Amino acid sequence: MTDDILMEDEANAFAIELLMPEEWIRRDAKGIALLDTLAVEKLAKLYQVSVPLMSYRIGQLMERKRG
């Protein structure tokens, strides 16, 4: 990885944590499946982020829980 890509990845991770803190998303997304489109849309609206970004964040946290 180049330094620019590494810095961009770190900036993206920081922004995701800032906009959608793990503790808050875990609380608000409790029991929500990634396939529950309406629930993901509602969360995205609540956090003022895009639906794909919210889906990514929920998936990321689900993966951490398994790992």
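**Notebook: salt bridges and helix 3**

I started at R64, which is partly exposed with a relative accessible area of 43%. The model I am reading is a predicted one.

**Entry 1. The partner of R64.** I looked for what R64 pairs with. The hit was E22: the two form a salt bridge, and their closest N and O atoms are 2.9 Å apart. E22 sits in helix 2 and R64 in helix 4, so this pair ties together parts that lie 42 residues apart in sequence. I checked the exposure of E22 too. E22 is partly exposed, at 26% relative accessible area.

**Entry 2. A second bridge at E22.** E22 also forms a salt bridge with R26, with 3.0 Å between the closest N and O atoms. Both residues are in helix 2, four residues apart, which puts about one helical turn between them. R26 counts as partly exposed, with a relative accessibility of 32%. I noted the three together: E22, R26 and R64 are linked in a network of salt bridges.

**Entry 3. The full search.** How many salt bridges does the whole structure hold? The search finds four. I followed up one more of them, the bridge between R57 and E17, where the closest N and O atoms are 2.6 Å apart. R57 belongs to helix 4 and E17 to helix 1, so the pair ties together parts 40 residues apart in sequence.

**Entry 4. R57 up close.** Is R57 buried or exposed? R57 is buried, and its relative accessible area is 1%. The cut-off for buried is under 20%. Its partner E17 counts as partly exposed, at 34% relative accessibility. The side chains of R57 and E17 also register as a polar contact of 2.6 Å. Next I listed what R57 touches, leaving out residues up to four places away in sequence. The list is I16, E17, M20, P21, E22, I25 and R64. Two members of the network turn up on that list: R57 touches both E22 and R64.

**Entry 5. Helix 3.** I moved to helix 3, residues 37-47. Which of its residues are buried? They are A39, V40, L43, A44 and Y47. Viewed down the helix axis, these buried residues fall within an arc of 140 degrees, so they line one face of helix 3. On the other side, L38, K42 and K45 are exposed. I then asked what the buried residues pack against. They pack against helix 1 (3-19), helix 2 (22-28) and helix 4 (51-66). Last, I looked just past the end of the helix. Q48 follows helix 3, and its phi is positive, near 55 degrees.

**Entry 6. The whole chain.** I closed with the overall numbers. The protein chain has four helices and zero strands. Along the sequence the pattern reads α-α-α-α. The C-alpha trace spans about 40 × 30 × 20 Å along its principal axes. The chain has 67 residues, and 24% of them count as buried. I checked the contacts between residues at least 6 apart in sequence: 51% of these join residues at least 24 apart. The chain exposes about 5300 Å², with 60% of that area supplied by carbon and sulfur atoms.

Terms used: Residues are numbered from 1 along each chain as its sequence is written. This is a predicted model: local features need pLDDT of at least 70, side-chain atom pairs count only at pLDDT 80 or more; totals for chains, interfaces and linings use all residues. Side-chain values use heavy atoms; hydrogens and water are left out. Buried means under 20% relative accessible area, exposed over 50%, partly exposed in between (1.4 Å probe, protein chains only). Helices (H or I, at least four residues) and strands (E, at least two) are DSSP runs, numbered from the N terminus. The arc is that of the directions from the helix axis to the C-beta atoms. Contact means heavy atoms within 4.5 Å. A salt bridge is a side-chain nitrogen of Lys or Arg within 4 Å of a carboxyl oxygen of Asp or Glu. A polar contact is a pair of N or O atoms within 3.5 Å; within protein, one must be able to donate a hydrogen and the other to accept it, and residues adjacent in sequence count only if both atoms are side-chain atoms. Accessible areas come from the Shrake-Rupley method with a 1.4 Å probe; for residues, only the protein chains shown count as cover.
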